[in-house]
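These are my notebook entries on one structure. I record what I looked up, entry by entry.

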Amino acid sequence: MRRGVRHCDRSDTDNQRVIIHVKDVNDEPPYFINRPLPMQAVVQLNAPPNTPVFTLQARDPDTDHNIHYFIVRDRTGGRFEVDERSGVVRTRGTDLFQLDMEYVLYVKAEDQNGKVDDRRFQSTPEERLSIVGGKRAPQFYMPSYEAEIPENQKKDSDIISVKAKSFADREIRYTLKAQGQGAGTFNIGPTSGIVKLAKELDFEDLRQPHVYSLVVTATEDSGGFSTSVELTIRVTDVNDNAPKFELPDYQAHNVDEDIPLGTSILKVKAMDADSGANAEIEYLVSDDHFAVDSNGIIVNNKQLDADNNNAYYEFVVTAKDKGEPAKTGTATVRVYTKNKNDEEPKFSQQVYTPNVDENAGPNTLVTTVVASDKDGDNVRFGFVGGGTSSGQFVIEEITGVIRLHSKAISLDRDKYELNVTAMDDGSCCVNGDATIHTSTAVVVVFITDVNDNKPVFKDCGTYYPKVEEGAPNGSPVIKVQATDEDKGVNGQVKYSIVQQPNQKGTKFTVDEETGEVSTNKVFDREGDDGKFVSVTVKATDQGEPSLEGVCSFTVEITDVNDNPPLFDRQKYVENVKQDASIGTNILRVSASDEDADNNGAIVYTLSAPHSPNDLEYFEIQPESGWIVLKKPLDRERYRLKVYASDRGDPPSTADVDVELDVVDRNNKPPIWDRTIYGPIHIRENVTVGTRETYKLEAMAQDKGYPPLSRTVEVQIDVVDRANNPPVWDNTVYGPIYVKENMPVGGKVVSIKASLNQLDIKDDAR
């Protein structure tokens with residue numbers, strides 16, 4: 001078995017398989033299973049002692065049973081005994097048994113593991129065992145047989161099987177005989193004992209009984225004994241007949257339409273040839289205007305109306321039996337009614353809602369009201385209070401046509417409400433005019449607006465919205481509103497964005513119903529969007545044709561501090577004269593910021609992360625970026641860091657390194673060791689005899705501040721030994737920088753000229 005376990009600290013359920021072994025308790029008594037009953041046996045007349053004649057068999061449902069068999073009463077004079085464990089009944093003694101004499105034993109079985117009390121055990125009831133000397137007639141396994149079959153049982157089908165036991169172990173032949181009616185209805189297999197239906201049955205056939213009393217005889221072969229048993233076969237009714245009405249069509253004439261509910265109109269009757277529940281009938285009708293009781297009496301269930309269904313009602317009445325499944329029969333019922341003037345005129349609708357243009361003229365058709373009377377009376381129309389005119393409206397008495405009157409028309413309201421009447425004349429029936437009926441309806445005339453006003457943005461000139469750059473797509477911008485003096489759909493406005501020329505997509509969207517304008521992108525003030533974006537919103541009314549109005553305004557893209565300052569150099573390196581005076585502007589750093597206002601306003605600060613003492617020598621002007629000397633210089637190099645911060649919230653910052661090299665005052669230019677160099681003779685590798693002179697100017701420049709320089713002339717003579725002049729490696733040498741205080745003879749520059757390769761070969765020859 002499985003048991004659900006619920007934990008106290010949790011609300012869920014867990015299942016665990018639990019196996020429970022149930023221990024048997026010895027509480028059931030034994031019972032005999034010998035068949036047939038009563039117990040019968042035969043004993044041979046000369047049977048020797050210990051000859052088995054019968055075996056007792058008992059069962060006990062308990063698992064620990066311990067069955068023992070006993071003779072309770074012996075009416076044989078001790079001629080038999082029973083084996084307590086096996087239940088075998090054997091003969092005792094050597095005396096001969098008498099022919100046809102019956103020897104009777106009363107036996108029982110005990111479960112000696114099932115105690116009732118200290119002296120008794122659970123046991124079977126006493127059973128009678130009859131033993132006859134010599135021979136005895138066969139014994140049927142049942143003292144009598146019964147069967148029940150439906151009347152639609154198929155011919156030649158098996159009904160019941162009977163069986164008899166031969167004590168002489170001979171073959172048995174069975175015969176069947178009817179007691180009273182029913183001969184030939186059934187037959188029996190001579191050797192099988194199976195009883196079959198020999199001809200078809202019909203429960204409703206009065207010539208056939210519903211109960212068949214038969215006698216089955218079992219006879220042993222070869223002139224043996226025979227015995228008989230009663231067989232009773234009951235035939236049950238099958239619902240094979242449908243109810244049938246006495247008439248196929250029932251009619252009732254001249255039924256007043258105003259009879260009270262529940263009035264009896266007519267009676268129907270149906271019969272069913274079946275029996276019992278198969279013949280019990282209930283009635284039903286198909287029209288809920290009527291009801292029918294179990295006796296077939298039809299009454300009106302609703303108020304009748306002669307003005308409907310051509311003055312008569314036709315419906316089906318059904319008779320249904322209570323068989324399983326049920327069968328039904330039907331008949332038609334017609335109820336003809338008499339008309340009375342009991343109906344008031346009915347308008348086709350209780351409220352009419354015509355529309356009339358606001359500029360309609362005299363005699364304009366407004367609408368037509370329609371009313372009818374089920375009784376067939378004529379109907380006349382008017383306004384409540386009498387008459388056929390009401391304000392600027394008139395109604396035609398016969399047709400129900402409503403128009404504007406023929407005078408000047410001034411429709412200055414949104415709607416006009418008219419109450420109209422319809423009155424019958426009782427012409428349908430005899431004395432119908434004695435009762436006149438009137439009904440009313442409402443006509444609401446709506447004045448239709450003409451679409452002659454376009455939407456107007458009255459506050460368009462006051463729209464100056466702002467949107468912060470970087471705001472997410474769909475951010476609200478402004479709510480615009482346009483009004484239209486027209487009414488109804490002509491005054492209903494829907495909004496849309498007008499796309500700018502040469503613009504891909506729209507930068508804004510607008511809710512067509514509310515006028516809420518939202519962003520359709522993320523704006524970048526420093527990018528292509530700029531500081532201002534133009535928007536045009538269009539308002540369109542729903543008239544036909546529609547009219548439009550537009551409103552153009554500018555959206556300012558407000559700045560967000562999304563750009564840091566940017567220095568114009570990656571690093572500043574500058575020479576400073578050693579004797580520079582305090583207050584001297586040494587170097588100006590410059591940074592820019594693309595943001596606007598405070599987000600783009602830069603403030604400079606100075607630090608010396610490598611040597612904090614360097615800040616004692618310099619300061620920076622926070623607005624201009626000038627680095628100013630505030631203490632005489634006493635080292636060769638200073639390394640500073642400048643920070644540029646904007647005034648945004650929070651501010652953005654950038655930094656740059658500044659390197660200042662200290663130099664002495666530069667007032668002496670370099671000095672050449674000669675006033676002129678040359679002429680220097682360079683021979684060409686060919687013999688030509690032509691000589692060409694080159695004059696060069698070399699310049700030496702120091703690295704002082706400011707830098708100083710001096711030039712010197714260099715003359716080179718080339719001796720042409722061929723047709724090709726020498727070729728310099730460079731067309732121009734210089735400028736050449738020479739350090740001051742260079743020793744005399746120090747190398748200044750190396751210049752080189754070369755000959756053409758053909759001239760070199762000629763010279764070699």
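**Entry 1. Strand 48 and its partners**

I began with strand 48, residues 548-558, in this predicted model. Its side chains alternate between two faces. Gly549, Cys551, Phe553, Val555 and Ile557 point to one face and are buried. Glu548, Val550, Ser552, Thr554, Glu556 and Thr558 point to the other face and are not buried.

I then looked up the pairing. In general, strands of a sheet pair through backbone hydrogen bonds, in either the parallel or the antiparallel sense. Strand 47, residues 532-541, pairs with strand 48 in the antiparallel sense over nine bridges. I noted Phe553 of strand 48 as the bridge partner of Val535. Six residues lie between strand 47 and strand 48, and the two strands form a hairpin.

I also found a parallel pairing, between strand 42 (residues 466-468) and strand 48, over three bridges. There, Lys466 stands opposite Glu556 of strand 48. Glu556 belongs to the face of strand 48 whose side chains are not buried.

**Entry 2. The disulfide**

How many disulfides does the structure hold? I found one. The bond joins Cys460 to Cys551, with an S to S distance of 2.0 Å. These cysteines link distant parts of the chain, 91 residues apart: Cys460 sits in the loop between strand 41 (438-448) and strand 42, and Cys551 in strand 48.

Is the disulfide right-handed or left-handed? The torsion about the S-S bond of Cys460 and Cys551 is about 95°, so I recorded the disulfide as right-handed.

I next checked whether the two cysteines are buried or exposed, with under 20% relative accessible area as the cut-off for buried. Cys460 has a relative accessible area of 17%, so it is buried. Cys551 has a relative accessibility of 2%, so it also counts as buried. This agrees with the place of Cys551 on the buried face of strand 48.

**Entry 3. A four-stranded sheet**

I looked up an open sheet of four strands, which has the order 34-39-38-37 and antiparallel pairing. Its edge strands are strand 34 (365-368) and strand 37 (389-390), each of which pairs on one side only. Strand 37 pairs with strand 38, residues 393-395, in the antiparallel sense over two bridges. Ser389 stands opposite Val394 of strand 38.

**Entry 4. Backbone details**

Which peptide bonds did I note as cis? The bond from Arg35 to Pro36 is cis, with omega near 0°. Pro36 lies in the loop between strand 3 (31-32) and strand 4. A further cis peptide bond joins Glu324 and Pro325, with omega about 0°. Pro325 is in the loop between strand 29 (312-321) and strand 30 (328-338).

I also looked for positive phi values outside glycine. Asn254 has a positive phi of about 55° and is in strand 23, residues 249-256. Asp597 has a positive phi near 55° and lies in the loop between strand 52 (591-592) and strand 53 (602-607).

Are these residues buried or exposed? The cut-off for exposed is over 50% relative accessible area. Asn254 has 57%, so it is exposed. Asp597 has 67%, so it is exposed as well.

**Entry 5. The second largest pocket**

I turned to empty space, which a probe the size of a water molecule can show when it is rolled over the atoms. The second largest pocket has a volume of about 300 Å³. It is lined by 19 residues, and those closest to its centre are Val42, Gln44, Phe167, Ala168 and Asp169. Strand 4 (39-43) and strand 5 (52-55) are the elements that give two or more residues to the lining. Strand 4 supplies the largest share, three residues. By class, I recorded seven nonpolar, six polar and six charged residues in the lining.

**Entry 6. Annotated domains**

Where does UniProt place the feature "domain: Cadherin"? The unreviewed entry places it at residues 35-140, 141-245, 247-347, 348-457, 459-567, 568-672 and 683-728.

I examined two of these spans. Residues 35-140 are 0% helix and 49% strand, and the end C-alpha atoms are 10 Å apart. Residues 141-245 are 0% helix and 48% strand, with the end C-alpha atoms 51 Å apart.

Conventions. Residues are numbered from 1 along each chain as its sequence is written. This is a predicted model: local features need pLDDT of at least 70, side-chain atom pairs count only at pLDDT 80 or more; totals for chains, interfaces and linings use all residues. Side-chain values use heavy atoms; hydrogens and water are left out. On a 1 Å grid over the protein atoms alone, a cavity is a set of points where a 1.4 Å probe fits but cannot get out, and a pocket is an open set with protein on both sides within 12 Å along at least five of seven lines; lining residues have an atom within 4 Å of a point. Grid points are joined across faces, edges and corners, and a volume is the space filled by probe spheres set on the points. Ala, Val, Leu, Ile, Met, Phe, Trp, Tyr, Cys and Pro count as nonpolar, Asp, Glu, Lys and Arg as charged, and the others, Gly among them, as polar. UniProt positions are given in the numbering used here, feature names are shortened, and annotations may be inferred rather than shown by experiment. Two strands pair if DSSP finds at least two bridges between them. Buried means under 20% relative accessible area, exposed over 50%, partly exposed in between (1.4 Å probe, protein chains only). A disulfide is a pair of cysteine sulfur atoms within 2.5 Å.
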